[in-house]
Amino acid sequence: MSDTSRDSAFNTGTEEGIATAFGMWIFLASEAMMFAGLLLVYTFGRLDHATGFANASSHLDWRLGALNTAILICSSLAIARAEARADRADRRAGVLLAVTCLLGVLFLGIKGYEWAMELREGLAPFAGLAFAYDGPDADGAAFFFRCYFILTGLHAAHMLGGLACIGWLLATWRHRRGRADFHAVRDLALYWHFVDIVWIFLYPLLYLIAPA
Amino acid sequence: MTRHLITFGALAALLALTTWVAFLDLGAGNPVLALGIAAAKAALVAFGFMGLGRSAMQIRLTGAAALVWLAIFVGLTLWAGLSG
Amino acid sequence: MTDAVTGKAPDTGSYLGEKHGPRAWLLSFDHKRIAWLYLLALTAFFFIGGAMAVMMRLELATAEGDLVSDDTYNRLFSIHGIIMIWFFLVPSIPATLGNFLLPLMIGARDLALPRLNLASWYVFMGGSLFTLFAVLMGGVDTGWTFYTPYSSIYSNSYVSAAAFGVFIVGFSSIMTGINFIVTIHRLRATGLTWFRLPIFVWTMYATALVMVLATPVLAASLILIVAERVLGLGVFDPALGGDPLLFQHLFWFYSHPAVYIMILPGMGVVSEILPCFSRQPLFGYKAVALSSMAIAVFGFLVWGHHMFVSGQSAYAGILFSLFSFLVAVPSAIKVFSWSLTLRRGSIRFPTPMLYALTFLFLFTFGGLAGLFLAALVVDVHLHDTYFVVAHFHYIMVGGMVTAFMGGLHFWWPKITGRMYPEFWGRIAAIATFVGFNFTFFPQYILGYLGMPRRYHSYPEEFSFWHVMSSAGAIILAVSYLMPLVYLGLSLVRGRPAPADPWEATGLEWRTSSPPPQENFDETPTVTGPAYDYINPEPEAQDKGAQHEHGQPERSP
């Protein structure tokens with residue numbers, strides 16, 4: 001920590017930037033495998049309980065899902081523009097990062113509102129809570145909701161991680177001057193886009209089986 | 001700038017499309033279409049926002065390898081779990 | 001040589017001598033110091049896990065379950081497996097020798113992402129200590145496989161805590177994998193093309209690939225177990241519409257490729273040692289390099305062979321059986337290449353070579369037993385018997401641990417700047433070979449006779465083989481304790497090591513022992529192939545002449 005000259009095996013900041021971006025891509029490939037594992041659980045459930053899944057899905061409000069998808073797409077645009085600015089060492093990139101942050105918080109707010117609704121309506125079949133679903137194939141519906149909470153919960157955890165990193169970037173913003181100081185913006189943008197992609201799959205799989 | 005805006009526009013259009021087709025009764029076509037559109041949107045994000053097409057060869061290989069492994073994992077598990 | 005001579009000589013200017021104190025070690029981004037952090041932690045875990053094994057073998061020395069209760073025995077083998085696999089074998093060679101040697105072998109100053117490297121150690125310690133805490137609280141009795149529905153519904157042991165710890169350790173593994181892949185792609189010295197890389201580097205690359213692509217699936221399955229136990233978010237419980245078999249698919253999608261995390265690095269070590277002590281280039285270099293990659297890729301297609309008797313479809317069984325036979329092909333290519341490297345070589349038998357030859361024998365033996373298990377019909381008889389236990393111990397202990405010991409001795413002079421006592425090294429290596437075979441060969445027979453695994457008592461007629469196995473385990477335990485003592489003593493009393501004590505090729509031997517903090521005083525360039533050995537024996541020249549040898553550079 002004390003001697004910063006030793007911290008890098010690379011001769012230039014640009015080379016180091018390529019390496020960190022490459023590392024981030026590998027990490028995202030790894031993350032994709034993890035979400036794939038959870039989506040497999042969902043898929044087996046849906047194939048076994050087609051009726052329950054369709055009926056349970058119609059209990060979700062697709063408008064809120066669509067709104068959240070739109071918010072995430074906007075946030076991806078914002079962070080993509082932030083990256084373009086940071087690439088020119090334009091410090092105004094910070095404004096766009098703040099916008100990304102706000103959109104992320106808005107997404108989580110809506111998500112939290114939805115969860116609260118589902119808890120109140122008795123659609124959260126875990127932790128000993130009563131399951132107040134009265135349609136056909138209650139077992140299948142309960143399975144859907146458990147998948148729903150696991151998938152959206154893990155996605156939200158990833159959002160929180162991303163928000164924390166953006167917060168850290170903004171907190172250290174005034175120390176960042178040269179182009180190499182802004183590589184972190186690009187790596188973070190890659191992560192943020194990935195979390196966006198995960199939601200792009202979750203939206204139709206969870207909200208649009210049989211929208212009401 | 002243009003590339004980002006085009007990507008954004010296409011994503012918004014596909015969001016509307018996927019929501020609209022979900023209300024049509026296409027039988028098995030519904031999940032296929034939903035996943036197809038989601039894959040197209042994912043590709044748009046990867047190429048339009050994440051710059052996958054202009055990245056170093058290693059990064060494009062990483063993306064390709066991820067797809068191959070996802071296919072192995074999901075395909076083989078589904079097949080082994082459902083056949084027989 | 002006396003201590004007065006050895007005094008401080010090797011420390012001047014080396015990475016060991018630069019800064020002292022716990023901060024300089026615990027917060028260092030230097031890959032060589034992080035390798036030490038891992039080495040210390042892994043040594044501790046190895047002996048904790050080993051102590052569990054010894055207690056199990058002591059219990060099994062008599063037919064009655066008299067030493068520990070059945071419940072305690074379940075906890076012993078569970079934690080033995082969890083510690084040995086996740087907290088020792090998976091990180092063993094990559095995080096210690098790999099961490100230390102990878103930058104040296106490719107002529108780099110450090111790994112590409114030094115901060116991530118240090119972070120991976122803290123993540124590893126956090127996760128493993130969390131699990132260890134669960135053990136102290138009362139243990140886990142599910143076996144290392146955490147099979148549902150037992151783990152998710154019925155077990156009343158500390159499954160969630162243990163699984164959560166393993167989940168965290170998984171991220172340390174992913175971090176190491178990312179770091180290695182990026183490093184090998186981006187930091188090779190000038191002239192060091194892919195097909196000039198030492199095989200050790202190739203195997204690290206293949207290992208990293210598996211770590212990055214398989215570990216996340218383990219993470220997913222462990223999340224689901226913890227979610228089911230803690231939150232009641234059950235997706236494997238058949239009573240709730242779930243599928244317990246799905247857990248096995250997710251688990252083995254990680255854990256079978258993880259078997260290759262636990263052997264590929266060993267293959268890499270042996271590929272360095274064998275050419276060095278037979279003074280010949282590695283036979284079939286390209287085939288060995290590509291075999292490593294083939295094993296990494298094919299390793300992902302065989303997980304269903306753990307589920308032959310689980311009720312998966314017969315077609316799936318046939319396909320997984322076929323792939324399991326196919327994955328043996330690249331391993332066999334390697335075994336033949338190693339054997340042919342020895343042919344007509346000028347062979348010497350220092351400690352690393354003894355370990356490497358032990359590896360060659362035990363790995364081949366274990367691998368062949370694997371073919372029995374890959375055959376559908378035979379597996380129905382042998383599934384969950386001691387035959388399986390013997391098979392994977394031949395690979396993991398006879399293969400990987402032996403290679404780890406060999407590599408540790410081989411590079412000990414480079415890592416510490418001190419020579420270890422050769423006499424004691426050879427004794428330990430031979431004791432390993434004898435002790436190992438006494439311990440595990442009887443288990444093949446036990447399994448074939450029908451002794452199931454995971455029982456703490458057994459019928460009298462199995463006594464003979466069990467007693468032999470337990471006796472062997474004592475020899476084996478001693479053979480692992482010996483290096484702990486003499487390697488430890490050599491740190492202060494060992495003869496100072498020259499830069500290249502084995503006259504080995506490879507960039508790591510071109511720098512001083514121990515290396516300076518910057519690894520190389522001048523950035524090295526590479527002009528020739530790996531394993532540039534010249535056999536001094538004239539009759540071997542016909543073979544050696546096929547390779548274009550440059551002037552071997554031996555000086556630092």
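This passage describes the contact between chain A and chain B and the internal cavities of a predicted model.

The contact between the two chains draws on 39 residues from chain A and 35 residues from chain B, and together chain A and chain B bury about 3,200 Å², of which 86% lies on carbon and sulfur atoms. Between chain A and chain B there are 0 salt bridges, and 2 residue pairs are in polar contact, with both residues at pLDDT 80 or more. On the side of chain A that touches chain B, helix H1 (13–48), helix H3 (62–87) and helix H6 (183–207) of chain A each provide at least two residues, with H1(A) giving the most, at 15 residues. By class, this side of chain A comprises 31 nonpolar, 5 polar and 3 charged residues.

A search of the whole structure identifies 6 cavities of 30 Å³ or more, the largest of which has a volume of about 120 Å³. This largest cavity is lined by 17 residues, those closest to its centre being Val90(C), Pro91(C), Val169(C), Ser172(C) and Ser173(C). Helix H4 (70–105), helix H7 (159–186) and helix H8 (199–231) of chain C each contribute at least two residues to the lining of the largest cavity, to which H7(C) gives the most, with 6 residues; by class, that lining has 12 nonpolar, 5 polar and no charged residues.

The second largest cavity has a volume of about 50 Å³, and its lining includes Lys32(C), Trp36(C), Thr96(C), Phe100(C) and Leu408(C). To this lining helix H3 (31–59), H4 and helix H15 (386–416) of chain C each supply at least two residues, with H3(C) giving the most, at 4 residues, and the lining divides into 7 nonpolar, 1 polar and 1 charged residues.

Conventions: Residues are numbered from 1 along each chain as its sequence is written. Chains are lettered from A and ligands numbered from 1 in the order in which they are written. This is a predicted model: local features need pLDDT of at least 70, side-chain atom pairs count only at pLDDT 80 or more; totals for chains, interfaces and linings use all residues. Side-chain values use heavy atoms; hydrogens and water are left out. Contact means heavy atoms within 4.5 Å. Buried area is the accessible area (1.4 Å probe) that two parts lose on being put together, summed over both. A salt bridge is a side-chain nitrogen of Lys or Arg within 4 Å of a carboxyl oxygen of Asp or Glu. A polar contact is a pair of N or O atoms within 3.5 Å; within protein, one must be able to donate a hydrogen and the other to accept it, and residues adjacent in sequence count only if both atoms are side-chain atoms. Ala, Val, Leu, Ile, Met, Phe, Trp, Tyr, Cys and Pro count as nonpolar, Asp, Glu, Lys and Arg as charged, and the others, Gly among them, as polar. On a 1 Å grid over the protein atoms alone, a cavity is a set of points where a 1.4 Å probe fits but cannot get out, and a pocket is an open set with protein on both sides within 12 Å along at least five of seven lines; lining residues have an atom within 4 Å of a point. Grid points are joined across faces, edges and corners, and a volume is the space filled by probe spheres set on the points.
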